[in-house]
Amino acid sequence: MRYLTPAAIAAFLFLICAAPALASARPVVVELFTSQGCSSCPPADAYLRKLVKRTDVLPLAFHVDYWDRLGWKDTLDDPSFTARQRGYAASLGLPNVYTPQMVIDGTSEGVGNEESDIDGKIARASGNPSVDIRLVEQDGSAKLVLAASPRKTKATLWLIRYRKAANVTIARGENRGETILYMNAVRDMKPLGAWTGSALDIPLSKADLANAEGEAKVALLQMDGQGPILGAARIDDPNR
């Protein structure tokens, strides 16, 4: 089992003591770093499909681009997702990146096709404290309301857009000839604002709320420096 650096642990522990500002129930965020060009990834992709059915887990798939060198360009990858995985390698003290990797709430990680190990880490993370994030709609406007904490920290609220499902037939590389169903594949991340521990309202535009066909969005509050996930909320399209 790998651990956070001492500095990250110290920064996270203050949130545990800040109980008045925290909500007890929110989904555990599980990030799968995967690739269509990785032969070890399909079992992890299948496991993520199982996690999508759970209400206590918010699974997100980040397709990395470093397997593209094998001759198949992942249709869902982005260099920024590789950068995000490298950020976790630094914050979790890992020597390198790999696929399939799952990161749980930004505090632990494991091989994405080792279901029993990941299930255990999800169960442990379910007790993590959480900053309450609420979507409030009134008079034709909408905003995200973040609770206050008695102590200060530096975190960013992200709006993440993801594709719910995509069937991809892979023509080259290690998975050539396979058609794989990918779910909750992240398409982009947009910073909405900085949170320093004070109560905060962040207005949302109509574009922030709207979802294209087959897509959805979530709000994710994460400590800067690729630290622990502090809060998460699904953003539903009010016109859907």
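Two strands count as paired if DSSP finds at least two bridges between them. Helices (H or I, at least four residues) and strands (E, at least two) are DSSP runs, numbered from the N terminus. The model is a predicted one, so local features need pLDDT of at least 70 and side-chain atom pairs count only at pLDDT 80 or more, while totals for chains, interfaces and linings use all residues. Residues are numbered from 1 along each chain as its sequence is written, and side-chain values use heavy atoms, with hydrogens and water left out.

One open sheet has 3 strands in the order β7-β8-β11, with antiparallel pairing. Here β7 (133-138) and β11 (200-204) sit at the edges with a single partner strand each, so one side of each has no neighbour in the sheet. β7 pairs with β8 (residues 141-146) in the antiparallel sense over 6 bridges, and L135 stands opposite L144 in β8.

Then there is strand β2 (residues 28-34), where 7 of 7 residues are buried (under 20% relative accessible area with a 1.4 Å probe, protein chains only). In a regular strand, side chains alternate between the two faces of the sheet. Both faces of β2 are covered, with V28, V30, L32 and T34 buried on one side and V29, E31 and F33 on the other.

As for partners, β2 pairs with β3 (residues 57-63) in the parallel sense over 7 bridges, and with β4 (residues 101-104) in the antiparallel sense over 4 bridges. F33 turns up in both pairings: F33 stands opposite F62 in β3, and its bridge partner in β4 is Q101.

Note on methods:
Buried < 20%, exposed > 50% of the residue type's maximum accessible area, 1.4 Å probe, protein only.
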